[in-house]
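Notebook open. I picked one residue to look up, then stepped back to the whole chain.

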Amino acid sequence: MKFKKIILGCIVLMLFACKQRTIVNEEVTAPKNVILLIGDGMGLSQVSSAFYFKESSPNFARFKHIGLIKTSSSREDITDSGAGATAFACGVKTYNGAIGVADDSTDVENLVEIISSKKIKSGLISTSSITHATPAAFYAHNISRRSTEEIALDLAQSDVDFFAGGGIRYFNNRSDEKNLLNELKEKDFTIDTTALSDFSVIQSYSKAAYLLADRHMPKASEGRGDYLAKATELAIQFLSKDEENPNFFMMVEGSQIDWGGHANDGEYLVSELIDFDDAIGKALDFAEQDGNTLVIVTADHETGGFTLASTIKKREDGSEYSDYNDLSMTFSTNGHSATLIPVFAFGPGSEEFIGVYENTDIFEKILKTTKWGKED
Ligand code: MG
Ligand code: ZN
């Protein structure tokens, strides 16, 4: 009897010790900054292409915690970027085309809104217009992604601290004849419509906006240069510059991986993917040295049904064979597909991102690991 009691006591003690350890661990691993990188239309074959076509080692190889997400929207098996980004930004499944609203069209609070009251800064970067569906879900609420001018108005009224992308026309060439560049200035933004600057130039600004194209940014292969990697680095420096409030959330989108997929243009797709990988490198470099930053890389959906297939060749006798040493970039659709999408995570909290789960869980996991959703 006494022996049994001792055993029982030992078990209770062991359980207690385990519980204690878990609590301590949670406190140690709460990240202070989050960088979410979204490769629009980036499925596993798109990621794989970096391992075959990038001359240097892909930054994707630097992650140890990897998961898969299910991307279906509330009404369709195959999502669009509006519903896909709303899942990440607001944590709800909604209908295709929706921006920051639930399936019943009501507004849903987004990550930028949740953190702004906590003095955590936010930044958004894209290679499309900054009003395009993916970045829009992080600051706007609209029943349709096509309401671009209304979406631009939401950006001017949001609490975003840094943004970079295209889309000037939706701010200064509008049907309501408003000039939203003035509204942005009233909200303490310094706006540059020519080029990204060095950090030394913008260090003293309170908010920084870059609108660098009339609509979308040019293709990587047509003069965009290292814009995405440079904007990522610049935003990190800018958002972490204040010693009192150095913490931030940032979303970086490789928008045009999707467009290479829609066009069934392998070269376009791969050049955009490699450009996106360069931006991932900047985020990881900072996170490695900072130690308090969680980096998450994922996609809203896959585009094109992209495959790295073997190439069909003909022998001298006319018979066909598959050359397994010659990759052929092939596509099965001009649209999106329903394939599961990889998630790569690095830094404190990254263990949370392994497994197979819904795209809305990205939002939940960010709030869980950072505790940003909790009342102060
Ligand atoms: Mg997009
Ligand atoms: Zn698309």
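I started with the contacts of Phe-63, setting aside neighbours within four places in sequence: Phe-63 touches Ile-280, Leu-284, Val-295, Val-297, Phe-344, Ala-345 and Phe-346. Note to self: this is a predicted model.

Next I checked one of those partners by distance. Phe-344 sits 281 residues away from Phe-63 along the chain, yet their C-alpha atoms are 6.1 Å apart.

Where does Phe-63 sit in the secondary structure? I found Phe-63 in the loop between α2 (44-53) and β2 (65-70).

Buried or exposed, then, for Phe-63? Its relative accessibility comes out at 6%, and the cut-off for buried is under 20%, so Phe-63 counts as buried.

Then I zoomed out. I looked up burial for the chain: 52% of its 376 residues count as buried. I also pulled the contacts between residues at least 6 apart in sequence, and 72% of them join residues at least 24 apart.

For the fold inventory I got 13 helices and 14 strands. The radius of gyration is 22 Å and the globule rule gives 21 Å for 376 residues, so the chain is as compact as a globular protein of that length. I noted the box for the C-alpha atoms too: roughly 80 × 70 × 45 Å along the principal axes.

Last, the surface and the charges. The chain exposes about 17200 Å², with carbon and sulfur atoms supplying 50% of that. I have 36 positive and 56 negative side chains down for the chain, and the centres of the two sets are 8 Å apart.

Technical notes
Residues numbered from 1 in each chain as written. Chains lettered and ligands numbered in written order. Heavy atoms only, no water. Helix = DSSP H or I, 4+ residues; strand = E, 2+ residues; numbered from the N terminus. Rg over C-alpha atoms; globule rule 2.2 N^0.38 Å. Buried < 20%, exposed > 50% of the residue type's maximum accessible area, 1.4 Å probe, protein only. Contact = heavy atoms within 4.5 Å. Areas by Shrake-Rupley, 256 points an atom, 1.4 Å probe, with all protein chains shown as cover. Lys, Arg positive; Asp, Glu negative; His and termini not counted. Charge placed at Lys NZ, Arg CZ, Asp CG, Glu CD.
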